[in-house]
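Good morning, and thank you for coming. Please look at the sequence and the model on the screen while I go through a few of the features.

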Amino acid sequence: MSDGAHPDLPDELESTVARDRRPDAERVLDRLGRLGWSIACAESLTGGLLCAELIALPGASAVVRGGVVAYSTALKQSLLGVDAGLLAQHGAVHAEVARQMARGVREAAAIAGRPAEVGVSTTGVAGPDPADGQPVGTVFIGVSTPVGTRALPLLLEGDRIAIRRETVRRALRAVFDAL
């Protein structure tokens, strides 16, 4: 690794990041625009922060369809189509829940029968107390595209605000990596 500027990145990726110092949200919007794709957000843990980060930038309306804040477990099922049995068995803080939220928001944000090409979701425990049998800092980010759907598991440290902010940062990176 070079001078330690990005300790979480392998050397081959570090040089790419160093060349493009634009904010992650800007890089995501630019890449979506180049692909002609749209994005929709399904947020629980982040409560709208992720979508707000995207739409804070000029030109976001060209690619951002919108977002759903599904803080309630029941809303994850009724609006995003997350399997009720999955939620009953594992709770909302689970990798498969994140995947289903990301797929579900693509459909929920459909326009004229055409789903969003990208769905991103956040679910987890920001604290101060554990939830669904998971410790504070447990986070799952879901990303769904026409190519596939995956979930990124994280265990973050910090207070509630820090965990939510870091989740937004990591979600933007996960979307960019999926494009």
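Which residue in β5 is the bridge partner of Val143? That partner is Arg150. Please keep in mind throughout that what we are looking at is a predicted model.

Let me place that pair in its setting, the sheet. Five strands, written in the order β2-β1-β3-β4-β5, make up an open sheet with mixed pairing. At its edges are β2, residues 64–69, and β5, residues 148–155, and each of these pairs on one side only. From one strand to the next, the twist averages 15°.

I now turn to β4, which covers residues 138–145. With β3, this strand pairs in the antiparallel sense over 6 bridges. Two positions illustrate this: Ser121 stands opposite Gly142 in β4, and Gly119 has Ser144 in β4 as its bridge partner. With β5, the pairing of β4 is again antiparallel, over 8 bridges. The connection between β4 and β5 is a hairpin, which joins them through 2 residues.

Is β4 enclosed or open to the outside? Of its 8 residues, 8 are buried, so this strand is largely enclosed by the rest of the structure. As a general point, side chains in a regular strand alternate between the two faces of the sheet. In β4, Thr138, Phe140, Gly142 and Ser144 point one way, whereas Val139, Ile141, Val143 and Thr145 point the other way, and all are buried.

Next, the helices that meet this sheet. Helix α6, residues 95–108, packs on the sheet and touches β1, β2, β3, β4 and β5. The direction of α6 makes about 145° with that of β3. Helix α7 lies across β1, β3, β4 and β5, and runs at about 25° to β4.

Two leucines deserve individual attention. The first one I have chosen is Leu54, in helix α3, residues 49–55. Why does Leu54 count as buried? Its relative accessibility is 0%, and the cut-off for buried is under 20%. Apart from neighbours within four places in sequence, Leu54 is in contact with Ala25, Val28, Leu29, Ile39, Cys41, Ala60, Val64 and Leu172. Its C-alpha atom is separated by 9.7 Å from that of Gly66, 12 residues apart along the chain.

The other leucine is Leu87, found in helix α5, residues 84–90. Leu87 also counts as buried, because its relative accessibility is 8%. If we again leave aside neighbours within four places in sequence, Leu87 is in contact with Thr73, Lys76, Gln77, Val82, Ala92 and Val97. For one of these, Val97, the C-alpha atoms of the two residues are separated by 7.4 Å, although the residues are 10 apart along the chain.

Finally, I come to empty space. In general, rolling a probe the size of a water molecule over the atoms shows where such space is left. How much space lies in the second largest pocket? The volume is about 220 Å³. This pocket is lined by 17 residues, and Ser44, Tyr71, Gly124, Val125 and Ala131 lie nearest its centre. The elements that give two or more residues to this lining are α4, residues 73–80, β3, residues 118–124, and α7, residues 160–178. Sorted by class, the lining has 7 nonpolar, 5 polar and 5 charged residues.

That concludes my presentation, and I welcome your questions.

How values were computed
Residues are numbered from 1 along each chain as its sequence is written. This is a predicted model: local features need pLDDT of at least 70, side-chain atom pairs count only at pLDDT 80 or more; totals for chains, interfaces and linings use all residues. Side-chain values use heavy atoms; hydrogens and water are left out. On a 1 Å grid over the protein atoms alone, a cavity is a set of points where a 1.4 Å probe fits but cannot get out, and a pocket is an open set with protein on both sides within 12 Å along at least five of seven lines; lining residues have an atom within 4 Å of a point. Grid points are joined across faces, edges and corners, and a volume is the space filled by probe spheres set on the points. Helices (H or I, at least four residues) and strands (E, at least two) are DSSP runs, numbered from the N terminus. Ala, Val, Leu, Ile, Met, Phe, Trp, Tyr, Cys and Pro count as nonpolar, Asp, Glu, Lys and Arg as charged, and the others, Gly among them, as polar. Two strands pair if DSSP finds at least two bridges between them. Axes are lines fitted to C-alpha atoms, for helices over the stretch in contact, and angles run from 0 to 180 degrees between N-to-C directions. Contact means heavy atoms within 4.5 Å. Buried means under 20% relative accessible area, exposed over 50%, partly exposed in between (1.4 Å probe, protein chains only).
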